[in-house]
Amino acid sequence: MSSVFPPVSSVAPWRDRWINWRNRLVANPRFQRWAAASPLTRVVARRRAKALFDLCAGFVYSQILLACVRLKLFETLAAGPLHQAQLAARLGLSPDATQRLLRAAAALKLLRALPGDRYALDDLGASMLANASVGAFVEHHALLYDDLRDPVALLRGEMHTRLSQFWPYAAGREGDAAACGAYSELMARSQQLIAEDVLDAYAFDRHKGLLDIGGGEGAFVAAVAARHPALRLQLFDLPPVAERARRALAAQGLTRVDVHGGSFLDTPPPGGADIVTLIRVLHDHDDATALAALRAAHMALPPGGALLVAEPMADTPGAEAIGDAYFGFYLLAMGSGRARRRDELTQLLQTAGFAGIQHLPSTRPIFSSVLIARRV
Ligand SMILES: CC(C)=CCC/C(C)=C/CC/C(C)=C/C=C/C(C)=C/C=C/C=C(C)/C=C/C=C(C)/C=C/C=C(C)/C=C/CC(C)(C)O
Ligand SMILES: C[S@@+](CC[C@H](N)C(=O)[O-])C[C@H]1O[C@@H](n2cnc3c(N)ncnc32)[C@H](O)[C@@H]1O
């Protein structure tokens, strides 16, 4: 059999030679058949085959989830198990289509099949109910999947993406007021997955005033306000987003937040705070703009003031695919930024004049890791 692998140089480093030897073996169909049958290797072989199948099928699984979200299947089952026929009537699907969807959702552990053709929520379906923003993310993935239909063209920068319309500032259109509502709402809803974890990770009560740069509609400062009634609060975001924040905070009766509109690219954020937060802001931007945001934070703080950065980071153990695969390609489609590794962020922070950079353990680092630093 001819090999797709060129000969290995005998002077290559030992690690390369080991990897090449191993990959030749794994790519050999005879080894594959042997490994699938041998009691020594079959567990690993099945796991690898399943992992590769799941990569092939990922889009199909996602679209089954989208069908469940659009048909409000999880909400329909919130009160308890229902029979397949009852579900067909509630979902407005034929009996066949209902059975197909229910079986698929049960196979994906969203639902649990019960005896007598009844279905209940399983852990993943119940978790969808508990985290309402996940459904909103699933819906907005329609844009991302459209942009990903030709991933090579996307990598080559040959596509005009829908996601860059959704996030206008990523494409240099900071002033696009019409488009900021949709992303601001999505971000505000998904703070539920972030804010409490950040508040648990750091003792904000050692500070007098907090400024949230890129604070969106104020969902994070509202969570801070609830936990730390004595902290003075400021929010800075692009003018149309700041206007939305003013309205949203006033609607909650939160008049103690001082909201400022401007771009950190050309407007210095207000001073007076001794801690600045950048929550899910830096990863949106390429290094030059991320540095501008950090320099704006630096300027707003007194010497010794603190900077807290919270966002998904690329090298989070157990969540590598979320950082490098999901956010890597998401941000590519969006038009700027990348999920940085902790040491890459550390370097940016140092360049902007921060020191004492520490990683803080957080409850669910897969959604956001937390770094704290001190302004020199
Ligand atoms: C009761 C008995 C006997 C046993 C119980 C067993 C048990 C312990 C079960 C566990 C149940 C449990 C607590 C489950 C919890 C599940 C949770 C919290 C699930 C959360 C899921 C969250 C998901 C899937 C989040 C998805 C987030 C996405 C897709 C985020 C996308 C973010 C984007 C696009 C951000 C864009 C912003 C930008 C532009 C990058 O800046
Ligand atoms: C991904 S959102 C995160 C919002 C919020 N921090 C959160 O976690 O929900 C990024 C925020 O940065 C804001 N932003 C982007 N470019 C900005 C700029 N040049 N100056 C100020 N804010 C900016 C956006 O308007 C948006 O609200």
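In this predicted model, the largest pocket is the space that ligand 1 occupies. A shell of 18 residues surrounds ligand 1, and Ser 127, Phe 137, His 283, Asp 284 and Phe 367 are the ones that come nearest. Even so, the protein covers just part of the ligand: taken on its own, ligand 1 has 1,100 Å² of accessible area, of which 53% is covered by protein.

As for where the shell comes from, three helices each contribute at least two residues to it, namely α7 (123-130), α8 (132-147) and α16 (320-334). Helix α16 gives the largest share, with 5 residues. Sorted by character, the shell around ligand 1 holds 10 nonpolar residues, along with 4 polar and 4 charged ones. Asp 284, one of the nearest residues, also brings a polar side-chain atom to 2.5 Å from an oxygen atom of ligand 1.

Ligand 2 has a different kind of site, as the space it takes up is the largest cavity. Here 17 residues make up the surroundings, the closest being Tyr 183, Gln 191, Gly 214, Asp 237 and Ile 279. Three of these closest residues have polar atoms worth picking out. On the side-chain front, Asp 237 places a polar atom 2.6 Å from an oxygen atom of ligand 2. The backbone joins in too: a polar backbone atom of Gly 214 sits 2.7 Å from a nitrogen atom of ligand 2, and a backbone N or O atom of Ile 279 is likewise 2.7 Å from a nitrogen atom of the ligand. The protein buries 98% of the 590 Å² that ligand 2 exposes when taken alone. By residue class, the shell of ligand 2 splits into 8 nonpolar, 6 polar and 3 charged members.

Turning to the annotated domains, UniProt lists residues 54-129 as "domain: O-methyltransferase dimerisation", in an unreviewed entry. In the model, that stretch is 64% helix and 13% strand, with 24 Å between its end C-alpha atoms. A second UniProt feature from an unreviewed entry, "domain: O-methyltransferase C-terminal", is placed at residues 146-355. Over residues 146-355, helix makes up 43% of the chain and strand 14%, while the end C-alpha atoms are 42 Å apart.

Definitions and conventions
Residues numbered from 1 in each chain as written. Chains lettered and ligands numbered in written order. Predicted model: local features only at pLDDT ≥ 70, side-chain atom pairs only at ≥ 80, totals over all residues. Heavy atoms only, no water. Near = heavy atom within 4 Å. Polar contact = N/O pair within 3.5 Å; in protein donor to acceptor, adjacent residues only side chain to side chain. Areas by Shrake-Rupley, 256 points an atom, 1.4 Å probe, with all protein chains shown as cover. 1 Å grid on protein atoms, 1.4 Å probe; cavity = no way out; pocket = protein on both sides within 12 Å on 5 of 7 lines; lining within 4 Å. Sits in = over half its atoms within 2 Å of the grid points. Helix = DSSP H or I, 4+ residues; strand = E, 2+ residues; numbered from the N terminus. Nonpolar A, V, L, I, M, F, W, Y, C, P; charged D, E, K, R; others polar. UniProt positions renumbered as here; feature names shortened; annotations may be inferred.
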